[in-house]
Amino acid sequence: MAKPENCSPSLIRTLCEKEGFLLNEEQASQLAGYLSLLMQWNKRMNLVGARHWRDALDELIMDSFHLSRFLQEHVFPHLPPSPVSWDLGSGAGLPGIPLRMVWQEGSYWMVESRDKRTIFLSTVLARHPLKDTHVFRGRAEQFMEGKKADLIVSRAFMPWKELLHFVQGHLTEGGNIVFLSREPLKAEDSMLWEETASSAYTIGKDKRWFCAFREKNGREETA
């Protein structure tokens, strides 16, 4: 039986390059460190379903890299130069931690209410600091009170239509919420939100989507 491959920065760079993502030495080292910590902690607590770092890289990390490309091409051009971003229900730091390794615009807050997961996130950032990236330990309602974001990211915090209602009033004018989804999302039934961008991509044999929405400001309703 072949010995499992070590999670080395050089191997990480090679595997990511095959998927079309070029990492520098620092990024590859950060990602190798994150994956190693993720697998170590995953043995004691159920952070992710993947049980080997290669599976986590293929199934989870690549989402973050595709998200970086989507933000850069479709969302960031419409945001302020230094956007405030929230990642609600960050869990094990996905998509946030790998995303911040390659997309470091503005500030990024990972919001998580479960203590063990916030300890994990803080441990990762202590060992592998990421530019202007922070962890908030508490409920999203508490974090959002009196604040607004330019960008909100959600993987599976709550059903997407419920989340649109949940964050209503907490986005700056023109701010976007981006969903990572297994199916295309449409907001035709809502007069309060409009789609700003969507993009399909593939992970292995699976097709996945990014869908971005913003609150309508009512200007187009004046006639």
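## Getting oriented

Helices here are DSSP runs of H or I with at least four residues, strands are DSSP runs of E with at least two, and both are numbered from the N terminus. Please keep in mind as you look around that this is a predicted model.

With that naming in hand, let us start at Asp132, which sits in the loop between helix H5 (115–127) and strand S3 (133–137).

## Two backbone details

Most residues other than glycine have a negative phi, and most peptide bonds are trans. Asp132 is not a glycine, yet its phi is positive, at about 45 degrees. Is the residue buried, partly exposed or exposed? Asp132 has a relative accessible area of 38%, and because the partly exposed class lies between 20% and 50%, Asp132 belongs there.

The other detail is a peptide bond. Going from Leu94 to Pro95, the bond is cis, and its omega is near 15 degrees. You will find Pro95 in the loop between strand S1 (84–88) and helix H4 (96–102).

## Helix H1 and its neighbours

Two packed helices are described by the angle between their axes and the distance between the axes. Take H1 (residues 9–18) and H3 (residues 53–75) to begin with: their axes lie 12 Å apart, and the packing angle is about 55 degrees. That angle makes the pair oblique. The crossing of H1 past H3 is right-handed. On the H1 side, the contact involves Leu11, Ile12, Leu15 and Cys16, while H3 brings Trp53, Arg54, Leu57, Met62 and Phe65. Sorted by class, the contact between H1 and H3 holds eight nonpolar residues, one charged residue and no polar ones.

H1 also packs against H2 (residues 25–42), where the axes come within 8 Å and the crossing angle is roughly 105 degrees. H1 and H2 are therefore roughly perpendicular. From H1, the residues Pro9, Ile12, Arg13 and Cys16 meet Glu25, Ala28, Ser29, Leu31, Ala32 and Leu35 of H2. This contact of H1 with H2 divides into seven nonpolar residues, one polar and two charged. If you are following side chains on screen, Ile12 and Cys16 are listed in the contact with H3 and also in the contact with H2.

## Helix H2 against helix H5

How do H2 and H5 run relative to each other, roughly parallel or roughly antiparallel? Their axes come within 10 Å and cross at roughly 150 degrees. Because angles over 145 degrees count as roughly antiparallel, that is how H2 and H5 are described. Their crossing is right-handed.

H2 contributes Tyr34, Leu37, Leu38 and Trp41 to the contact, and H5 contributes Lys116, Ile119, Phe120, Thr123, Val124 and Arg127. In terms of class, the H2 and H5 contact has seven nonpolar residues, one polar and two charged.

## Salt bridges

How many salt bridges does the model have? The count comes to nine. One of them joins the side chains of Glu112 and Arg114, with an N to O distance of 2.7 Å. Glu112 is buried, at a relative accessible area of 2%, whereas Arg114 is partly exposed, at 42%.

Arg139 and Glu141 form another salt bridge, at 3.2 Å from N to O. In this pair, Arg139 is exposed with a relative accessible area of 53%, and Glu141 is partly exposed with 38%.

Asp206 and Arg208 are also bridged, and their closest N and O atoms are 3.8 Å apart. Arg208 is buried at 2% relative accessibility, while Asp206 is partly exposed at 33%. These two residues belong to a network of salt bridges that also links Glu59, Asp63 and Arg155.

## Around Ala197

Ala197 is in strand S6 (residues 193–203). Its relative accessible area is 8%, and because buried means under 20%, Ala197 counts as buried.

Which residues does Ala197 touch, leaving aside those up to four places away in sequence? They are Phe70, His74, Phe210, Cys211 and Ala212. Phe70 is 127 residues from Ala197 along the chain, with 9.0 Å separating the two C-alpha atoms.

Definitions and conventions: Residues numbered from 1 in each chain as written. Predicted model: local features only at pLDDT ≥ 70, side-chain atom pairs only at ≥ 80, totals over all residues. Heavy atoms only, no water. Axes fitted to C-alpha atoms, helices over the stretch in contact; angles between N-to-C directions. Parallel < 35°, antiparallel > 145°, perpendicular 65-115°, else oblique. Left-handed = near helix turned anticlockwise from the far one by under 90°. Contact = heavy atoms within 4.5 Å. Nonpolar A, V, L, I, M, F, W, Y, C, P; charged D, E, K, R; others polar. Salt bridge = Lys/Arg side-chain N within 4 Å of Asp/Glu carboxyl O. Buried < 20%, exposed > 50% of the residue type's maximum accessible area, 1.4 Å probe, protein only.
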